[in-house]
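Here's a quick briefing to read alongside the model. Have the sequence and the 3D view open as you go.

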Amino acid sequence: MTMDSLDPYNREVPPEQIPSCVRFCRKSADDRLLTVTVDPNTDFPDGIPIDQLKEWINSLGCHDWFLHEEAIRRCGREARHLESPRQYTVAEKRDCRIVVEVSSDRLRAWVRVSPAFGGESLTETAFREALNGSEVRFGIHEELVREILEKGECERTLIAEGVSPVTGEPAVFERLVLESNHKGAPQEREDGTVDYKDLGLFVSVAVGTPLLRHIPAGPGKPGTGVDGSLLPAMPGSDRPLRAGPGTRLSADDPDVVVAARVGQPSFDDNWVRVDPTIEVDGVNPSTGNLIFEGNVIVRGAVEPGFTVKAGHDLMILDTVEGANLSAGRNIVLLTGVYGRNQSEIIAKGNIEARFLSDCTVQCEGNIEVNDLIAHCDIECEGSVLAGASGGKGWIMGGRVRAKREVHARILGSVSESATMIEVAAAGQGLKAQKAATDEAVNQTRIQIDTIERMLQVEDVTEALEERYAFFCTQLEEQIREQKEIEKRLADLNAACIRAEQVHHGVTLRIGDTLRTFTETTADVLLRPVAAQTGKDKKEKHRDAI
């Protein structure tokens with residue numbers, strides 16, 4: 001059989017030294033497969049040696065083809081007992097194979113290059129076309145490309161990497177009110193000395209104080225896939241800003257929570273509250289001074305030398321000894337104060353106590369003490385009431401000044417300790433002041449009336465207008481002063497001093513008049529002269545001033 005007579009897609013190979021029972025043939029359109037057909041024979045009683053088969057394959061010009069080792073072994077083994085011709089595909093002409101794999105997230109691409117076996121070898125053009133065919137255009141590792149082109153093959157290799165999208169930063173909740181920078185430690189003064197009573201343990205805020213800021217989550221940064229496409233970023237995790245009790249969202253910035261009341265802020269991640277009251281077991285070296293803008297409750301004692309200051313109400317359940325107290329509203333002392341001549345008590349509201357001893361008191365409301373006020377210096381804008389709700393109601397020693405009333409069961413003591421009680425002392429000379437103010441108002445009105453008539457008949461000049469404006473302003477100020485004096489006179493007329501017993505050595509004063517008692521007197525009621533009734537004048541043991 002000649003080569004030309006064979007089907008071009010199934011051409012036999014010249015046998016040369018190959019036995020007739022073994023026939024090689026190239027198949028497929030481009031002669032890429034080499035087959036061998038073995039007829040039943042007696043030439044190979046032990047089978048065809050594998051090396052012999054490979055030698056024949058090499059002699060046919062297929063030395064660099066891919067060998068199907070298993071088919072070759074089977075062919076050699078089965079050749080000794082064939083009953084009919086059998087065909088085996090033993091070699092294959094292969095071009096270089098390039099396989100590109102892209103991850104589902106388009107962030108990585110791998111390449112596997114199988115070497116050529118008698119076919120087309122790896123070229124840069126083919127390699128680039130394979131990458132491009134898989135849409136791998138970005139993040140290609142060029143140094144690896146060069147290595148692979150030099151070797152002509154590679155196992156699965158990461159050939160390209162995209163840029164991962166960056167998830168946005170999570171939301172942050174920034175605390176705008178910080179703890180003291182010396183919390184729990186004594187504070188150093190400017191002169192270098194140390195204040196062991198300032199421990200910075202308590203933080204308070206006023207209404208409107210910014211407390212917590214919400215910094216929104218970041219949008220993140222987009223990435224780029226190995227195909228060059230934009231990979232969207234995930235925004236950071238976010239949570240809403242929560243305004244707890246005593247707080248609200250700022251009207252100017254919805255990402256800020258501000259205090260809606262005075263108190264102590266309490267934080268928990270994305271949430272804040274303001275507690276209007278702080279409670280402590282006592283005030284001592286372990287707490288330091290207690291200064292708080294809201295309400296303060298001290299369940300124990302306040303030790304000497306310390307300060308308790310409340311922006312609102314202050315309540316102390318145990319004794320106060322040699323300490324300073326201050327409240328923006330009321331002070332309630334379930335026991336009392338041993339002042340040691342060191343305590344200062346200041347209240348913008350009322351003060352209630354069982355006793356006050358050896359202390360200085362300033363009160364803009366009323367003072368009510370059940371048992372004893374001893375050797376105190378008291379300034380009270382309202383009334384001082386001792387024993388009005390029960391108790392001994394005893395005021396002895398010191399000085400008590402009130403605007404409205406002083407009421408006690410006992411004033412002074414048998415030891416004749418000097419005791420000064422003043423009511424409406426600021427009313428001295430009020431009648432003369434009112435008369436002078438009334439006259440000034442009348443004179444100013446006369447001036448205004450005169451200028452108004454001049455403005456009706458004369459040309460208006462700038463100087464005349466300035467005089468008119470001056471007297472109008474002056475009249476407003478004089479009328480305000482007139483009303484204030486009238487109010488003070490009304491307070492003076494309502495003022496009084498009441499006591500069931502007044503001892504020798506007590507001095508009482510209402511308005512302009514002063515009286516010192518030289519003997520113990522019972523049932524004393526003192527009023528200003530203008531407020532005195534006929535009955536008051538006749539009652540025995542009562543002096544009207």
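**A sheet, two helices and two cores**

Trp110 sits opposite Leu158 of strand 8. Keep in mind that this is a predicted model, where local features need pLDDT of at least 70, side-chain atom pairs count only at pLDDT 80 or more, and totals for chains, interfaces and linings use all residues. Residue numbers start from 1 along each chain as its sequence is written, and side-chain values use heavy atoms, with hydrogens and water left out.

**The sheet**

- Strands 6, 7 and 8 make an open, antiparallel sheet in the order 6-7-8; strands are DSSP runs of E, at least two residues, and helices are runs of H or I, at least four, numbered from the N terminus.
- Strand 6 (97-102) and strand 8 (154-161) are the edges, each pairing on one side only.
- Strand 7 (residues 108-114) pairs with strand 8 over five bridges; pairing takes at least two DSSP bridges.
- From one strand to the next, the twist averages 25 degrees.

**Helices across it**

- Helix 3 (residues 124-133) lies across strands 6, 7 and 8, at about 30 degrees to strand 6; axes are lines fitted to C-alpha atoms, for helices over the stretch in contact (heavy atoms within 4.5 Å), and angles run from 0 to 180 degrees between N-to-C directions.
- Helix 4 (residues 142-151) lies across strands 7 and 8, at about 155 degrees to strand 8.

**The cores**

- The largest nonpolar core has 56 residues, and Leu325, Ile367 and Val384 are among those with the most contacts inside it. Such a core is a set of buried (under 20% relative accessible area, 1.4 Å probe, protein chains only) Ala, Val, Leu, Ile, Met, Phe, Trp, Tyr and Cys residues joined through side-chain atoms within 4.5 Å.
- A second, separate core of 22 residues includes Cys21 and Trp65.

Definitions and conventions. Buried means under 20% relative accessible area, exposed over 50%, partly exposed in between (1.4 Å probe, protein chains only).
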